[in-house]
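Please look over the sequence and the structure shown here before turning to the exercises. Each exercise sets a task, and a solution then goes through it step by step.

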Amino acid sequence: MKKTKKRWHRRRCKHCDREYEPDRRTAEKQRFCGRRECQKARRRRTARVWRRHNHLRHADDVTRVRGRATGSRLHILQLNIAEVMGKLV
């Protein structure tokens, strides 16, 4: 008996509202079409959700990266000391 490929119904993209045919491997989960603008919107949305759920971790990352961007060695040293002290406690 030969297996038939299951065709998924066309869907509307959550960003551009155009119809698209989802990838057959991930059709149940796919909500955005493959256009570049829609993929950027999808990534922005998932990043926003991640930051909302991990706001404390995100705040630490922002201060660490900003300290590195300004070239502040003192700031990085303070963060490293704080990490070491946190592990000792």
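The exercises below move from the whole chain to single residues and their partners.

This is a predicted model, in which local features need pLDDT of at least 70, side-chain atom pairs count only at pLDDT 80 or more, and totals for chains, interfaces and linings use all residues. Residues are numbered from 1 along each chain as its sequence is written, and side-chain values use heavy atoms, with hydrogens and water left out.

**Exercise 1. The chain as a whole**

Describe the secondary structure of the chain and how much of the chain is buried.

Solution. Begin with the elements, where helices (H or I, at least four residues) and strands (E, at least two) are DSSP runs numbered from the N terminus. The chain holds three helices and two strands, and along the sequence these follow the pattern β-β-α-α-α.

Next, turn to burial, for which buried means under 20% relative accessible area, exposed over 50%, and partly exposed in between (1.4 Å probe, protein chains only). Of the 89 residues of the chain, 12% count as buried.

Then take the surface, with accessible areas that come from the Shrake-Rupley method with a 1.4 Å probe, where for residues only the protein chains shown count as cover. The accessible surface of the chain comes to about 8,400 Å², and 53% of it belongs to carbon and sulfur atoms.

Finally, consider contacts, which means heavy atoms within 4.5 Å. Among the contacts between residues at least 6 apart in sequence, 7% join residues at least 24 apart.

**Exercise 2. Two loop residues**

Locate Asp17 and Gly34, and decide whether each is buried, partly exposed or exposed.

Solution. Asp17 is placed in the loop between β1 (11–12) and β2. Its phi is positive, about 65°, although Asp17 is not a glycine. Asp17 counts as partly exposed because its relative accessible area is 48%.

Gly34 is found in the loop between β2 (19–20) and α1 (36–53). With 68% relative accessibility, Gly34 counts as exposed. Measuring from C-alpha to C-alpha in the model, one finds Gly34 and Tyr20 8.4 Å apart in space, while they are 14 residues apart in sequence.

**Exercise 3. The salt bridges**

How many salt bridges does a search of the whole structure find, and which residues does Arg10 share a network with?

Solution. A salt bridge is a side-chain nitrogen of Lys or Arg within 4 Å of a carboxyl oxygen of Asp or Glu. Side chains of opposite charge can pair when their charged atoms come close. The search of the whole structure finds four salt bridges.

One of them joins Glu21 to Arg10, with the closest N and O atoms 3.8 Å apart. Glu21 lies in the loop between β2 and α1 and Arg10 in the segment before β1, so this pair ties together parts that are eleven residues apart in sequence. Glu21 is partly exposed at 37% relative accessibility, and Arg10 is partly exposed as well, at 48%. Arg10, Glu19 and Glu21 are linked in a network of salt bridges.

Another salt bridge brings together the side chains of Arg25 and Asp23, at 2.7 Å from N to O. Arg25 is exposed, with a relative accessible area of 63%, whereas Asp23 is partly exposed at 29%.

A further salt bridge is formed by Arg35 and Glu37, whose closest N and O atoms are 3.1 Å apart. Arg35 is partly exposed, with a relative accessible area of 30%, and Glu37 is partly exposed at 44%.

**Exercise 4. The surroundings of Phe32**

Which residues is Phe32 in contact with, leaving aside neighbours within four places in sequence?

Solution. First, place Phe32 in the loop between β2 and α1. Phe32 counts as buried because its relative accessible area is 10%.

Its contacts, once those neighbours are left aside, are Cys13, Lys14, His15, Tyr20, Cys38, Gln39, Arg42 and Arg45. For Arg42, which is ten residues from Phe32 along the chain, the C-alpha atoms of the two are separated by 7.0 Å.

Now follow two of these partners: Lys14 lies in the loop between β1 and β2, and Arg45 lies in helix α1. Arg45 is partly exposed at 35% relative accessibility. Not counting residues up to four places away in sequence, Arg45 touches Lys14 and Phe32.
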